[in-house]
There are 2 protein chains.
Amino acid sequence: MINRTIFFTGGVGIADTTTIAGPKEGEGPLAKYFDTILEDDLLGQKSYEKAETKIHIAAIRHMLNKTSMTAKDIDCVFAGDLLDEMIVSSLALREFNIPFIGLYNACASFAEALIVGSSMISGGLMDRVICSTSSHFSTAERQYRFPLELGSQRTPLSQWTVTGAGCTMLEKYQKHKVKITCATLGKVVDYGVKDANDMGAAMLPAAMDTIKTHFRDTQRKPSYYDMIATGDLGDAGGRLLRKLIKEEGIDIDSQHQDCGELIFNREWQDVGQGGSGTACSNIVFNSYIYQQMLEGKIKKLLLVPTGALVSKTASLQGETIPGIAHAICMERV
Amino acid sequence: MINRTIFFTGGVGIADTTTIAGPKEGEGPLAKYFDTILEDDLLGQKSYEKAETKIHIAAIRHMLNKTSMTAKDIDCVFAGDLLDEMIVSSLALREFNIPFIGLYNACASFAEALIVGSSMISGGLMDRVICSTSSHFSTAERQYRFPLELGSQRTPLSQWTVTGAGCTMLEKYQKHKVKITCATLGKVVDYGVKDANDMGAAMLPAAMDTIKTHFRDTQRKPSYYDMIATGDLGDAGGRLLRKLIKEEGIDIDSQHQDCGELIFNREWQDVGQGGSGTACSNIVFNSYIYQQMLEGKIKKLLLVPTGALVSKTASLQGETIPGIAHAICMERV
């Protein structure tokens with residue numbers, strides 16, 4: 001580890017990816033890249049929480065089917081979600097006879113899963129793992145903001161939690177087309193944002209800190225990458241990131257895109273600043289970005305999932321909202 | 001990895017441990033082993049959540065002071081707690097300029113921290129890490145059961161969430177007195193328990209599954225260990241574990257103790273079946289058990305933190321409570 005960056009010298013390859021997207025995500029610009037698009041985000045369940053659990057289970061099951069694997073072939077699932085006590089992941093993993101390590105860094109949990117999973121494989125401790133996360137607009141709204149039934153007006157800087165789930169299967173590197181080569185770990189950064197409806201502003205300082213640290217640790221420049229994809233800063237947050245990081249001498253204008261912006265068409269989809277949620281960077285990477293890498297259109301990617309470490313209780317007690325972001329470098333072989 | 005067991009062949013040593021215990025824990029039988037005992041579990045804060053955050057911060061700070069380290073010397077903190085959105089760990093880590101990976105498997109989160117931390121070190125990805133968790137009786141009661149102000153009567157099978165926080169510092173093995181040698185990962189096990197006041201019953205099947213798997217994977221017998229310490233099954237849960245596992249031909253009567261039983265004196269402390277919480281197995285191991293290992297009284301330990309994957313929302317929606325348990329083997333060199 002050089003400062004905050006781990007190099008996966010043992011070799012980590014991506015074996016396959018799966019995605020399930022909600023109906024609204026399925027109307028967005030990435031529709032053709034998703035494996036499955038739901039017609040109804042309640043899936044005939046009695047609650048949205050049960051529906052999210054079903055989606056999470058389906059993403060893992062689809063991965064096993066797609067790769068013709070059984071539970072025995074998987075050493076561990078590294079999973080997370082946004083709900084209190086991470087109940088969706090816990091109930092989803094009940095369906096599989098596979099070890100489970102739960103991870104939580106809010107919307108950056110997908111990054112944690114990729115980093116811990118890659119470390120296990122690079123270090124020779126595991127042979128094959130699944131990294132999975134999920135989120136759901138309706139479960140997140142109820143938990144973090146207002147019950148949908150209230151019909152509350154949304155604020156201009158709010159974002160739209162992505163409904164979906166996705167998986168990345170990692171293996172010891174061996175002729176895979178995409179490798180995970182290194183990762184820069186994030187630390188908690190708090191610039192004093194208090195508005196639970198402006199997650200982009202809360203996460204942006206953490207994204208900036210991690211990206212700067214990544215360039216310092218690796219001695220790379222932004223031009224090393226074809227794409228630097230943040231998780232869910234949204235439109236305003238993304239623009240602010242590019243502006244502020246340029247003031248520090250790092251120009252990522254030509255490489256930077258935000259998964260929250262990519263997943264929706266903000267012009268006609270009413271999504272505020274764009275997408276967010278534990279599924280956001282996950283299903284954008286596991287569908288569109290991974291496909292671009294397979295086709296060789298993106299050769300070097302820095303994926304930077306971002307998380308707002310917000311809780312209702314802490315907000316009610318006057319706490320500000322810290323953020324965290326981890327960066328993962330992937331390369332087309 | 002052999003089936004569900006990882007062997008840390010790269011060598012992992014315990015550099016030091018720290019513990020902070022609440023006032024009630026400080027009146028229990030392990031009092032003399034804790035580094036710090038709080039006189040007031042509110043610590044002059046405006047809420048118990050803020051108090052728990054202070055305790056978590058203090059445990060990490062104490063570790064840095066005790067070992068004369070600074071943030072720069074630590075590659076990562078692997079941390080967790082019981083509160084919604086793991087807000088205590090997130091706010092605690094805001095105080096340190098150290099990478100943070102949040103882990104959640106309820107009261108088994110301390111096991112996850114030890115396993116992921118050990119894997120990072122054994123695999124050569126990190127040199128020195130801190131594993132920390134916390135819990136607090138008053139924050140857990142408010143969140144999982146009833147506000148204390150209601151004065152609700154406690155049920156006979158309930159347990160008492162431990163107030164405290166503790167840290168284990170792990171390093172590449174080099175003359176340390178205690179080594180972490182292997183770990184058996186847990187999977188989610190659900191036998192259909194629905195009573196949120198009977199956590200022991202909910203976690204017991206997972207503990208049993210993990211212990212049985214550990215003996216199968218390592219081809220060891222219970223006599224290999226001087227102590228098999230489960231996390232927080234409590235008195236009834238612990239007795240049931242010993243009985244049921246014996247019926248499957250594994251007799252752990254002479255080795256088994258439960259951290260939830262060790263931490264309180266149930267005869268005169270009103271704690272139901274005993275202690276529980278993310279801090280339970282943590283501060284019992286990091287104080288009493290670690291001291292016994294340093295003194296050579298326990299040479300081989302199997303620590304099995306147990307977690308009940310319960311959420312208010314899921315319980316209200318009629319879900320049962322699955323459990324998970326991970327086993328970590330430590331040896332006195």
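How many residues of domain 1 of chain A are in contact with domain 2 of chain A, and how many answer from the other side? Some notes on that, and on how the two chains meet.

1. Keep in mind that this is a predicted model. Within it, 45 residues of domain 1 of chain A are in contact with 48 residues of domain 2 of chain A. On the domain 1 side, H3(A) gives the most, with seven residues. By class, that side divides into 21 nonpolar, 18 polar and six charged residues.

2. As for the bounds, chain A splits into domain 1 (10-172) and domain 2 (182-332). Going by C-alpha atoms, their centres are separated by 18 Å. Besides H3, the elements of chain A that each supply at least two residues to the domain 1 side include strand S2 (12-21), strand S6 (128-135) and helix H4 (137-144).

3. On to the chain pair: 52 residues of chain A are in contact with 52 residues of chain B. Helix H1 (48-66), helix H2 (87-93) and helix H9 (312-316) of chain A are among the elements giving two or more residues to that side. H3(A) turns up here too, giving the most with five residues. The class split for chain A's side is 26 nonpolar, 13 polar and 13 charged.

4. Now the symmetry. A turn of 180° with a shift of 0.0 Å along the axis lays chain A on chain B at an RMSD of 0.0 Å. That's the relation of a two-fold axis. Also, 100% of the interface residues of chain A are interface residues in chain B as well, so the copies meet through the same surface.

Definitions and conventions. Residues numbered from 1 in each chain as written. Chains lettered and ligands numbered in written order. Predicted model: local features only at pLDDT ≥ 70, side-chain atom pairs only at ≥ 80, totals over all residues. Contact = placed C-beta atoms within 7 Å. Helix = DSSP H or I, 4+ residues; strand = E, 2+ residues; numbered from the N terminus. Nonpolar A, V, L, I, M, F, W, Y, C, P; charged D, E, K, R; others polar. Least-squares fit on C-alpha atoms with pLDDT ≥ 70 in both. Domains from an automatic or database assignment.
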